[in-house]
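Dear colleague,

Please find below the structure I promised to hand over. My findings follow directly after it.

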Amino acid sequence: MTAGESTAADTGTLLAFLAATTEARAVVEIGTGSGASGLHLLRGMVPGGTLTTIDVDPELQRTARRSFLDAGHSPGRLRLINGLALEVLPRLTDGGYDLVVVHAHDGDAGAYLAEAVRLLRPGGVVVLADAEDPDLRETVRAAEEGEQLVSAVLPLAGGLLVATRR
């Protein structure tokens, strides 16, 4: 296993752990990718929980859907939404989610974090990838200094901001 594969495995293990710890029934993932992290999230979620994953790339979503179904997950547990996250997120239910994972930044990390806080129930968790990226310094600082979240930056995969909503 290469260092990159090890980091990805560690991050996936953490996502499954967080989903299990929060007893996640409803998870939002911003940035579907190939579905690798979604598989970890589904593994940690309660049986019957729903993963909502948002991406602008329909091909990536097709690949992810195939991965989820090939792994034996029911189509009823999956809600893959093709579109811009900042157009989709406002339509999701306030306080209706246990876990929000943000992979995509597009210069909008601060807006994604604000939406995540709105979407999370008290005790819910947000994960922001690449937290050590200099472009995300302000977003990480806002999470650390704000009153709505209790946060930590973990040294995995370029830094993972992990924060719990008060």
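In this predicted model, strands β5 (residues 120-129) and β7 (residues 160-165) are paired in the antiparallel sense through 5 bridges. Within β7, A163 is the residue that stands opposite V126. Helix α6, formed by residues 137-145, packs on the sheet and touches β5, β6 and β7. The direction of α6 makes an angle of about 135° with that of β6.

The sheet as a whole is open and has 7 strands, in the order β3-β2-β1-β4-β5-β7-β6, with mixed pairing. Its edges are formed by β3 (78-82) and β6 (149-154); each has a single partner strand, so one side of each is left without a neighbour in the sheet. From one strand to the next, the twist averages 15°.

A second helix, α2 (residues 36-44), lies across β1, β2 (50-55), β3 and β4 (97-102). Relative to β1, helix α2 runs at about 165°.

One residue of β1 may interest you in particular. E29 lies in this strand, which spans residues 26-30. Which side chain of opposite charge is nearest to E29? It is that of R79, 12 Å away; E29 is buried yet has no salt bridge. Leaving aside neighbours within four places in sequence, the contacts of E29 are S37, G38, L41, L51, T52, T53, I54, V101 and H103.

With kind regards

Key. Residues numbered from 1 in each chain as written. Predicted model: local features only at pLDDT ≥ 70, side-chain atom pairs only at ≥ 80, totals over all residues. Heavy atoms only, no water. Helix = DSSP H or I, 4+ residues; strand = E, 2+ residues; numbered from the N terminus. Buried < 20%, exposed > 50% of the residue type's maximum accessible area, 1.4 Å probe, protein only. Lys, Arg positive; Asp, Glu negative; His and termini not counted. Salt bridge = Lys/Arg side-chain N within 4 Å of Asp/Glu carboxyl O. Contact = heavy atoms within 4.5 Å. Pairing = 2+ DSSP bridges. Axes fitted to C-alpha atoms, helices over the stretch in contact; angles between N-to-C directions.
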